[in-house]
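Colleague: Could you take a close look at one part of this chain for me, the nonpolar core and the helices packed around it? I would like to know what builds it and how far I can lean on the model there.

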Amino acid sequence: MPKMKDSGIEWIGKIPMEWKLRKIKYTLISRTENNNPVRTTDILSLTAKQGVVPLSEKEGGGNKPKNDFSAYRLAYPDDIVLNSMNILSGSVGLSKYFGCVSPVYYMLRPISKMDDVRFYHYIFQTTVFQKSLMGLGNGIMIKESGNGKLNTIRMRIPMDKLGNLYIPIADRKSQKIISDFLDDKCAEIDRLSNNIQAEIDILEEYKCSVITEAVTIGLVPDVEVRDSNIYYLSKVKYDWGLTKIGYVCKKLNRSFEANDVALICSNQGRVIVRGENVVGIMASEDNAMQGIKKNDIAIHGMDTWHGAIALSKYEGKITRVVHVCDSSEDKRFIVYWLQYLAFQGIYKLISNGVRGNTSDFRSWDKVKDIYIALPNREEQKVICDYLDKVCSEIDFIADSKKQQLNVLEEYKKAIIYEYVTGKKEVKYDEF
């Protein structure tokens, strides 16, 4: 352990005696090279999970890019790319590509070509550094208007404020040693995470297939099926009837109290309490909310395509973007059927999408026109009891694996922090 000194900066803490502190603006240069005249139409995207990737490789897709490529900035290989509006959520990466990026991105690289850019990139990857930026901008506000439209106001972290922050500086030999070690260590952790994520994906695919089979042909294999004669539906069990959501569901308009707990209908097919992990500040005026009770059906009007349909286990208030419904049928079967349509990509076929990753079902008239195949009430209950049991078991296993991912990510961030602040010294036997 090297001899340490107090840096005088809370997030950094102690650093080795021979290390220095220097402002970012005296260490890294910020480039704002515009793509005008247009030099490339290859758009790069940035996420906390993937880093810098071509837009085509972004998980979940992306919003439709602007047609005016001259409005973008240029990013080069070995640029640290930082999203000035989302750095608090870890949106920073080291580019391997040449391409164009949003004007809200900063491109940074060392002023001295002798410095190791990976060392500075790892500093920006640490959770404690990202949290130290809190207050430099005015945060993020997402305000929901009465018609369900999201009016988003985002305040970026200005480059002059970012540039005035101090970061720890190791000597160049140590920068390379630390970066080489962290490259190997992070790659090892990422391999473990990728294997766990692959297991989660298999579980989710299995859950989708179980629901799909149960709500289309029931629980008895090799049953007789018939054409639904609905262009977006497959075959269904021969003795099931076809109807529309509007005939079996009633849209509710529940009242609520201002101090009721705020809920959201998540893409995981659950109604959950809006917790502290929501990015930024979400200010929802009460005139944009509605009441919701336990066992109400919740259908998200914008994230329907992603499976944001659930039976609420809570009572509280929720945005009017969500359709809160009741039904005379087994409400669990309604939810499972609507989730099945999401798995099949049906909603994008029958909606007017406002973005590449959104379907627009804010109109109840459009929701109530969706077809559903219904068995009798007794069979509905048998199917739903089975699905509740199986899906609960799958979710329990998947949730435990997601927790493993969180632990690995926290471990990775902690290791990075310890080495880029010199609290741990790389030993040669660690390679």
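Modeller: Happy to! Let me begin with how the chain is connected: among contacts between residues at least 6 apart in sequence, 73% join residues at least 24 apart. The chain has nine helices and 27 strands, and 46% of its 431 residues are buried. Its accessible surface comes to about 22400 Å², with 51% of that belonging to carbon and sulfur atoms.

Please keep in mind that this is a predicted model. The average pLDDT of the chain is 88, and 89% of the residues score at least 70. Two stretches call for care. Over residues 139-154 the pLDDT stays under 50, and the model gives this stretch 40 contacts beyond four places in sequence. Residues 276-283 also have a pLDDT below 50, with 14 contacts beyond near neighbours in sequence. Where pLDDT is low, the predicted coordinates should not be read in detail.

Now to the core you asked about. The largest nonpolar core holds 43 residues, and the members that touch the most others are Ile245, Trp337, Leu338, Leu341 and Ile370. Several elements each supply at least two residues, among them helix H4 (172-217), helix H5 (245-248), strand E23 (297-300), helix H6 (331-343) and helix H9 (377-420). H6 gives the most, with nine residues. Apart from this core lies another one of 42 residues, which includes Ile24, Ile157, Leu162 and Ile169.

Since H6 contributes so many residues, let us stay with that helix for a while. Not counting residues up to four places away in sequence, Trp337 touches Val215, Thr216, Leu233, Val236, Tyr371, Ile372 and Ala373. Gln339 is found in H6 too. What is the relative accessibility of Gln339, and is this residue buried or exposed? The value is 8%, under the 20% limit, so Gln339 counts as buried. Leaving aside neighbours within four places in sequence, Gln339 is in contact with Ile211, Gly269, Gly307 and Ile309.

H6 also packs against H9. Two packed helices are described by the angle between their axes and the distance between the axes. For H6 and H9 the angle is about 65°, and the axes are 9 Å apart. The crossing is left-handed. On the H6 side, the contact is made by Arg332, Phe333 and Tyr336. H9 brings Gln380, Lys381, Ile383, Cys384, Asp385, Leu387, Asp388 and Cys391 to this contact.

Val382 is in H9 as well. Its relative accessibility is 46%, which lies between the 20% and 50% limits, so Val382 counts as partly exposed. Val382 and Gly218 are 164 residues apart in sequence, yet their C-alpha atoms are 9.1 Å apart in space. A similar check can be made from H4, where Ala187 has its place. Ala187 is partly exposed at 30% relative accessibility. The C-alpha atoms of Ala187 and Lys412 are 9.9 Å apart, with their positions 225 residues apart in sequence.

For contrast, here is a helix outside that list. Helix H1 covers residues 117-125, and nine of its nine residues are buried, so it is largely enclosed by the rest of the structure. Among these buried residues are Arg118, His121 and Gln125, along with Phe119, Tyr120 and Phe124.

Finally, a few backbone details that you may want to check. Most residues other than glycine have a negative phi, and most peptide bonds are trans. Asn229 has a positive phi of about 65° although it is not a glycine. Asn229 sits in the loop between strand E15 (225-226) and strand E16 (236-237), and at 71% relative accessibility it counts as exposed. Asn295 likewise has a positive phi, near 75°. Its place is in the loop between strand E22 (289-292) and E23, and with a relative accessible area of 36% Asn295 is partly exposed. As for the peptide bonds, a cis bond joins Asn36 and Pro37, with omega about 5°. Pro37 lies in the loop between strand E4 (28-31) and strand E5 (44-47).

Conventions:
Residues are numbered from 1 along each chain as its sequence is written. This is a predicted model: local features need pLDDT of at least 70, side-chain atom pairs count only at pLDDT 80 or more; totals for chains, interfaces and linings use all residues. Side-chain values use heavy atoms; hydrogens and water are left out. pLDDT is the predictor's confidence in each residue, from 0 to 100. Contact means heavy atoms within 4.5 Å. Helices (H or I, at least four residues) and strands (E, at least two) are DSSP runs, numbered from the N terminus. Buried means under 20% relative accessible area, exposed over 50%, partly exposed in between (1.4 Å probe, protein chains only). Accessible areas come from the Shrake-Rupley method with a 1.4 Å probe; for residues, only the protein chains shown count as cover. A nonpolar core is a set of buried Ala, Val, Leu, Ile, Met, Phe, Trp, Tyr and Cys residues joined through side-chain atoms within 4.5 Å. Axes are lines fitted to C-alpha atoms, for helices over the stretch in contact, and angles run from 0 to 180 degrees between N-to-C directions. A crossing is left-handed if the near helix is turned anticlockwise from the far one by less than a right angle, and right-handed if clockwise.
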